[in-house]
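Biologist: Please take a close look at one part of this model for me. I would like to see the sheet of seven strands and what lies beside that sheet.

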Amino acid sequence: MLEYLYPLRTYLIVSGVEKPNVMTADWVVPVSFEPQMLGVAIGHTRYTHSLIKDCGEFVVAVPTIELLKDVWTAGTLSGAKEDKIKKLSLSLIKSKKVRVPSIRECQANIECRVVEEVETGDHTFFVGEIVAVTHGDAFVEGKPDLNYKFVMHASFGKNFTANSSEKYKP
Ligand SMILES: Cc1cc2nc3c(=O)[nH]c(=O)nc-3n(C[C@H](O)[C@H](O)[C@H](O)COP(=O)(O)O)c2cc1C
């Protein structure tokens, strides 16, 4: 029944310190203004799950539609089986406050430290406090520039869409 929540925005989750890994995630949600916190639901079987458990940090990177090929690769291969980074055309760069790297090509990198873990069936909901953010031109004074196309998962499977630049006022 979760398919009725779609379309959902799609992000890249970076985890791991010595050998970092990137996975794709739709299930990312803001959960607190003060302190700033967000949560991400990671399946127990994901390699990312063990990396976040080990290092207690992760980065939520915000891709645009130009990175769709990498978004798909990061969401279909597992870092447990191969060095996924070699298959991606993404560059890992030093983050500001966490040991986990950020992604140069993404328009924002939100650095998080895990403050809580909630078991939710076959996923763990990792709640992270946001300790730093870096961003590109797609954000001006904290607001997204809708001329950039952020990645959105239209429905389960290989079905993606993006926002338009149209704005509506209630
Ligand atoms: C568009 C898309 C969204 C996804 N969202 C999630 C998610 O929110 N949570 C999750 O656990 N897996 C999600 N996945 C699946 C993981 O990205 C996938 O299992 C990946 O291979 C795990 O990589 P890892 O084993 O290297 O951590 C998604 C996959 C795709 C393609």
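Modeller: Here is a walk through that sheet, its helix and the ligand shell. This is a predicted model: local features need pLDDT of at least 70, side-chain atom pairs count only at pLDDT 80 or more, and totals for chains, interfaces and linings use all residues. Residues are numbered from 1 along each chain as its sequence is written.

The sheet is open, with 7 strands in the order β3-β2-β6-β9-β10-β5-β4 and antiparallel pairing. Strands (E, at least two residues) and helices (H or I, at least four) are DSSP runs, numbered from the N terminus. Two strands pair if DSSP finds at least two bridges between them. β3 and β4 (28-32) stand at the edges with a single partner strand each, so one side of each has no neighbour in the sheet. On average, neighbouring strands are turned by 35° against each other, direction ignored. Such angles run from 0 to 180 degrees between N-to-C directions, and axes are lines fitted to C-alpha atoms, for helices over the stretch in contact.

Look at the β3 edge. Strand β2 (residues 11-15) joins β3 through 5 antiparallel bridges. There, Y11 has A25 of β3 as its bridge partner.

Now add the helix. α1 lies across β2, β3, β5, β6 (57-62), β9 (108-120) and β10 (123-135). α1 runs at about 50° to β2. Contact means C-beta atoms, placed from the backbone, within 7 Å.

Finally, the ligand. 23 residues surround the ligand, and the closest are W27, T48, G75, S78 and G79. Two or more shell residues come from each of β3 (21-25), β5 (37-43) and α1 (47-55). β3 gives the most, with 4 residues.

Conventions: Near = placed C-beta within 6 Å. Contact = placed C-beta atoms within 7 Å.
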